[in-house]
Amino acid sequence: MKLSKYEIQTYNLDDVGVEVANVKDEYLEQFGLDHGVAISKALSARMQRYNLKGLIISEIDGKKVKSVLEVKNIIAQKHKDEDISITLVDRNRQKREFVFE
């Protein structure tokens with residue numbers, strides 16, 4: 001059975017320390033984007049300090065993401081010891097890339 005992008009609404013990026021969620025196109029447009037998932041909450045004390053809720057993850061490992069299911073599939077293909085590269089778009093529409101080891 002294959003899941004559609006609507007059957008999985010949130011996903012924990014445990015190695016990064018955040019939960020991501022699907023968002024509507026109107027929300028993405030506020031960031032000047034047509035793709036991405038929102039950070040819905042911080043899972044670690046370290047990530048809670050950065051006020052990331054609502055920011056957009058537009059790419060993981062250089063691949064554009066459009067849904068939580070795509071995020072899950074990218075992460076599932078990685079080996080446990082591989083780095084994860086995240087492109088984050090902030091409230092000022094600034095893109096920043098972070099690498100999590």
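Trainee: Against which strands do the buried residues of α3 pack?

Mentor: They pack against β1 (10–13), β2 (18–21), β3, β4 (56–60), β5 (63–64) and β6 (84–89). Please keep in mind that this is a predicted model.

Trainee: Which residues of helix α3 are buried?

Mentor: In α3, which covers residues 68–76, the buried residues are V68, L69, V71, I74 and I75. To be called buried, a residue must have under 20% relative accessible area.

Trainee: What makes S58 count as buried?

Mentor: The relative accessibility of S58 is 0%. The limit for the term is under 20%, and S58 therefore counts as buried. The residue lies in strand β4.

Trainee: Which residues does S58 touch, beyond those up to four places away in sequence?

Mentor: S58 touches L33, H35, G36, K63, K64, V65, T87 and V89. A contact requires heavy atoms within 4.5 Å.

Trainee: Why is I86 called buried?

Mentor: I86, a residue of strand β6, has a relative accessible area of 3%. Buried means under 20%, so the term applies to I86. Setting aside neighbours within four places in sequence, I86 is in contact with V16, I57, E59, I60, R96, E97, F98 and F100.

Trainee: How far apart are the C-alpha atoms of F98 and I86?

Mentor: They are separated by 5.2 Å, although the two residues are twelve places apart along the chain. By contrast, the C-alpha atoms of I86 and L33 are separated by 15 Å, with their positions 53 residues apart along the chain.

Trainee: Why is F98 called partly exposed?

Mentor: F98 belongs to strand β7 (residues 95–100). Its relative accessible area is 36%. Buried would require under 20% and exposed over 50%; F98 therefore counts as partly exposed. Apart from its neighbours within four places in sequence, F98 is in contact with I84, S85, I86 and L88.

Trainee: How do you know that K80 and D15 form a salt bridge?

Mentor: The N to O distance between their side chains is 3.5 Å. The rule asks for a Lys or Arg nitrogen within 4 Å of an Asp or Glu carboxyl oxygen, so K80 and D15 meet it. This pair links distant parts of the chain: K80 is in the loop between α3 and β6, D15 is in the loop between β1 and β2, and they are 65 residues apart. With a relative accessible area of 73%, K80 is exposed, whereas D15, at 41%, is partly exposed.

Trainee: How many salt bridges does the rule give?

Mentor: The count comes to three. Another of them joins the side chains of K78 and D61, at 2.6 Å from N to O. K78 is in the loop between α3 and β6 and D61 in the loop between β4 and β5, 17 residues apart. D90 also forms a salt bridge with R96, and their closest N and O atoms are 3.5 Å apart.

Trainee: What makes D90 buried?

Mentor: D90 has 14% relative accessibility. That value falls under the 20% limit, so D90 counts as buried. Its partner R96 is partly exposed, at 46%. In the other pair, K78 is buried at 18% and D61 is partly exposed at 30%.

Trainee: What is notable about the phi of D61?

Mentor: Phi of D61 is near 55°, a positive value in a residue other than glycine. Most residues other than glycine have a negative phi. N51 is also a non-glycine residue with a positive phi, of about 50°. The place of N51 is the loop between α2 (45–48) and β4.

Trainee: Why is N51 called exposed?

Mentor: The relative accessible area of N51 is 53%. Exposed means over 50%, so N51 earns the term.

Trainee: Which residues gather in the patch of negative charge on the surface?

Mentor: The patch is made of D25, E26, E29 and D34. Asp and Glu count as negative. Of these residues, D34 is found in the loop between α1 (25–29) and β3 (37–42).

Trainee: How do you know that D34 is exposed?

Mentor: D34 has a relative accessible area of 61%. The term requires over 50%, and D34 is therefore exposed.

Note on methods: Residues numbered from 1 in each chain as written. Predicted model: local features only at pLDDT ≥ 70, side-chain atom pairs only at ≥ 80, totals over all residues. Heavy atoms only, no water. Patch = residues over 30% accessible without salt bridge, like charges linked within 9 Å, V, L, I, M, F, W, Y side chains within 5 Å. Areas by Shrake-Rupley, 256 points an atom, 1.4 Å probe, with all protein chains shown as cover. Charge placed at Lys NZ, Arg CZ, Asp CG, Glu CD. Helix = DSSP H or I, 4+ residues; strand = E, 2+ residues; numbered from the N terminus. Buried < 20%, exposed > 50% of the residue type's maximum accessible area, 1.4 Å probe, protein only.
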